[in-house]
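Here are my notes on this model, set out as numbered points. Please read them with the structure open.

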Amino acid sequence: MNTQEIKKTENLIYQKPKSMIDVPMHYCPGCSHGVVHKLIAEIIDEMGIQDKTIGIAPVGCAVFAYNYVDIDWQQAAHGRAPAVATAVKRLLPDHCVFTYQGDGDLAAIGTAETIHAANRGENITIIFINNGIYGMTGGQMAPTTLEGMVTATSPHGRNHEINGYPLNITPLLALLEGTCYVTRQAVHTVAAVRKAKKAIQKGFENSMQKKGTSVIEIVSTCSSGWKMTPSASNKWMVENMFPVYPLGDMKNLE
């Protein structure tokens with residue numbers, strides 16, 4: 001290595017993760033998915049597990065994760081990612097296996113798969129992106145949509161007498177004996193991104209060490225679905241989502 005190369009290395013502040021595929025990002029401006037994708041790629045690089053990581057992507061915006069992170073992926077039917085991850089991890093127990101799911105996928109059609117995989121203590125990590133809406137299909141009400149929140153299918157706001165209450169599924173998963181780590185994070189600030197990265201890394205380590213099921217919820221924005229600018233979405237999330245879905249660890253078995 002010559003002097004110029006050494007100087008360049010010493011001054012390196014940031015670089016694109018090697019596990020991140022160099023393609024244009026298609027997500028809407030302000031979407032949280034891109035940030036989480038980058039964190040996953042960084043963690044895989046830092047843990048040195050690119051050839052031992054398998055992601056399970058279902059349906060919805062989350063499915064496009066396979067376009068951006070250069071690992072082995074398996075697509076699952078809507079809501080079935082934990083079931084597919086169960087099979088993959090049991091067949092390849094020395095691999096890090098994780099699902100990447102939205103709230104409509106995990107907390108609606110996939111509720112049974114999620115709860116039973118966690119109850120069995122499958123050695124997988126579940127990354128749960130909660131933006132309170134069905135983002136890809138037109139902004140319909142999701143299980144996690146807040147009371148009073150206007151969506152394409154709740155134009156007068158969610159009413160619990162008609163639609164039921166928002167499904168706060170992550171604390172339910174923390175009650176199950178099969179879960180070893182359950183946390184709720186966000187990626188709207190630099191400090192939040194750092195905490196989210198530590199949480200995802202812990203989940204991946206738990207999968208490799210076969211400690212049980214890890215659940216990392218990321219409270220997120222959907223600028224297009226919420227009909228807001230990215231900055232307004234972050235502000236609305238802090239003021240409205242966080243009181244219902246407060247950040248922090250719910251379970252951490254060392």
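1. At what angle do the axes of helix H3 (residues 81-91) and helix H5 (residues 111-120) cross? This is a predicted model. In it, the H3 and H5 axes cross at roughly 35 degrees and come within 8 Å. H3 brings Pro82, Ala83, Thr86 and Arg90 to the contact. H5 brings Glu113, Thr114, Ala117 and Arg120. By class, the contact of H3 with H5 has 3 nonpolar, 2 polar and 3 charged residues.

2. A second helix pair deserves a look. Helix H2 (residues 33-47) packs on helix H8 (residues 190-209) at an angle of about 50 degrees, and their axes are 10 Å apart. H2 and H8 are therefore oblique to each other. The crossing of H2 past H8 is right-handed.

3. Which residues make the contact of H2 with H8? From H2 come Val35, Val36, Leu39, Ile40, Glu42, Ile43, Ile44, Glu46 and Met47. From H8 come Val193, Ala196, Lys197, Ile200, Gln201, Phe204 and Glu205. The classes in this contact are 11 nonpolar, 1 polar and 4 charged.

4. Now the sheet. It is open, has 7 strands and is mixed in its pairing. The strand order is S2-S1-S3-S4-S8-S7-S9. Strand S2 (72-75) and strand S9 (248-252) are the edges. Each has a single partner strand, so one side of each lacks a neighbour in the sheet. From one strand to the next, the twist averages 15 degrees.

5. Within the sheet, check the pairing of strand S3 (residues 96-102) with strand S4 (residues 125-130). The two run parallel and are joined by 5 bridges. Tyr100 stands opposite Ile127 in S4.

6. Where do the helices lie on the sheet? H2 lies across strand S1 (53-57), S3, S4 and strand S8 (213-219). H3 lies across S1, S2 and S3. H2 runs at about 175 degrees to S3. For H3, the angle to S3 is about 175 degrees.

7. Last, the charged pairs. Side chains of opposite charge can pair when their charged atoms come close. The count here comes to 9 salt bridges. One of them joins the side chains of Lys38 and Glu42, at 3.1 Å from N to O. Lys38 and Glu42 are 4 residues apart in helix H2, which means that about one helical turn separates them. Glu42 is also among the H2 residues in the contact with H8.

Technical notes:
Residues are numbered from 1 along each chain as its sequence is written. This is a predicted model: local features need pLDDT of at least 70, side-chain atom pairs count only at pLDDT 80 or more; totals for chains, interfaces and linings use all residues. Side-chain values use heavy atoms; hydrogens and water are left out. Axes are lines fitted to C-alpha atoms, for helices over the stretch in contact, and angles run from 0 to 180 degrees between N-to-C directions. Contact means heavy atoms within 4.5 Å. Ala, Val, Leu, Ile, Met, Phe, Trp, Tyr, Cys and Pro count as nonpolar, Asp, Glu, Lys and Arg as charged, and the others, Gly among them, as polar. Angles under 35 degrees count as roughly parallel, over 145 as roughly antiparallel, 65 to 115 as roughly perpendicular and the rest as oblique. A crossing is left-handed if the near helix is turned anticlockwise from the far one by less than a right angle, and right-handed if clockwise. Two strands pair if DSSP finds at least two bridges between them. A salt bridge is a side-chain nitrogen of Lys or Arg within 4 Å of a carboxyl oxygen of Asp or Glu.
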